[in-house]
Amino acid sequence: MLTIYHIEARRSDRVVWLMEELGLDYELIFTPRDIHASTQAIKAVHPIGTAPTVRDGDQWLIESGAILEYVINQYGEGRFSVKPGQPGYAQYLQWIHFAEGSAMGRILTEGILASLPTLDARNQALAARYLGNARRMLAFFEQSLAGQEYFAGEAFTAADIMMLLPARVAQGACPGEATPNLAAWSERVTARPAYARMLARALPNGVPPTYQGWPKEEAAPS
Ligand SMILES: N[C@@H](CCC(=O)N[C@@H](CS)C(=O)NCC(=O)O)C(=O)O
C-alpha cells in the first residue's frame, strides 16, 4: 500500500485525489491543522522534505507529476491517462509536465516579486522579466480549454489533477480576469465525487487558517 506524506492544501492533494479516483487504498500521514508538524514528519523521512512525498515499499517518490504517472501505470491500469497513439496523448503529456515544469515556478516567482515592498532600479529591470507571467499562463490555460472539456481533450485525466493548482494560483494572481472556460472546467473537475472524497480525507477541517492563498502570507505554496 502507498504511504502518502501530506500537508493540508498543498500539492499532496493531487496524489490523494488520484488515489480516490482510482479507488485504491493508501495510508495518509499528516497532522491536521498543523502544517509545521506535517512538514517535520516529511523531513524526518526524506532529505527533500516536500509534499507530496510517497513511499511504495522501498521506493520513494517526491515529484507530484511523476507520482501520478507512477500510480497510474503501476496500479491504475492506465486509467486517467492517455496512451501513445490515442488522440490527446501529446496534450496529456505536455500538461502533466507543464504544470510544475513551467507554470508554477513562473507564477510563484511573480507573486514573490510583486509582494516585495521596494526594488532598486537594477532589481526592477530583473523583476520586469518575470512580471506578467501569471496573466500569460492564465491566458494560455483559458485558450487551451476553448472547445474542449478537459486539458487533454474530452476526458478527465491526471493532467486535470495537475493543472488545478496552477489554474487557481494564476487566477488568484489576476483577480477580475474573465476566464469562462477555466471557470467551467474548474467547476466540472471539482464536482467529481473523488474530489469530494479527497477533501474529506486530506482536508478534514477545511482549508487551514494559515493558508489564505497567494501571494500575501508566508504559508503560501512554495
Ligand atoms: N514540484 C514539486 C513541488 C513540491 C513542493 O514544493 N511542495 C511544497 C508544498 S505544495 C512544499 O513542500 N514546500 C515546502 C518546501 O519547499 O520546503 C511537486 O510538484 O511535487
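**A core between two domains**

Biologist: I'm new to this one, so how many residues does the largest nonpolar core have?
Modeller: In this predicted model, the largest nonpolar core has 53 residues, and those with the most contacts inside it are L68 and W95.

Biologist: And which elements supply it with at least two residues each?
Modeller: Strand β1 (2-5) does, and so do a number of helices, among them α1 (12-22), α3 (64-74), α4 (89-115) and α7 (158-173); the element that gives the most is α7, with 10 residues.

Biologist: Where does this core lie, relative to the domains?
Modeller: It lies between domain 1 (2-79 + 196-202) and domain 2 (89-191), because both of them give residues to it.

Biologist: Back to L68, then: what is it in contact with, leaving aside neighbours within four places in sequence?
Modeller: L68 is in contact with R14, V15 and L18, and also with I96, A158, I161 and M162.

Biologist: Which residues of α3 are buried?
Modeller: The buried residues of α3 are S64, G65, I67, L68, E69, V71 and I72, and what covers them includes the helices α1, α4 and α7 together with the strands β3 (53-56) and β4 (59-61).

Biologist: Changing topic, what separates the centres of the two domains?
Modeller: Taken over C-alpha atoms, the centres of domain 1 and domain 2 are separated by 22 Å, and the contact takes 9 residues from domain 1 and 8 residues from domain 2.

Biologist: What gives the largest share on the domain 1 side?
Modeller: That is α3, which supplies 5 residues of the side of domain 1 that touches domain 2; by class, this side has 4 nonpolar, 2 polar and 3 charged residues.

Notes. Residues are numbered from 1 along each chain as its sequence is written. This is a predicted model: local features need pLDDT of at least 70, side-chain atom pairs count only at pLDDT 80 or more; totals for chains, interfaces and linings use all residues. A nonpolar core is a set of buried Ala, Val, Leu, Ile, Met, Phe, Trp, Tyr and Cys residues joined through C-beta atoms within 7 Å. A residue is buried if 20 or more other C-beta atoms lie within 10 Å of its own, exposed if 12 or fewer, and partly exposed in between; C-beta atoms are placed from the backbone. Helices (H or I, at least four residues) and strands (E, at least two) are DSSP runs, numbered from the N terminus. Domain bounds come from an automatic or database domain assignment. Two residues are in contact if their C-beta atoms, placed from the backbone, lie within 7 Å. Ala, Val, Leu, Ile, Met, Phe, Trp, Tyr, Cys and Pro count as nonpolar, Asp, Glu, Lys and Arg as charged, and the others, Gly among them, as polar.
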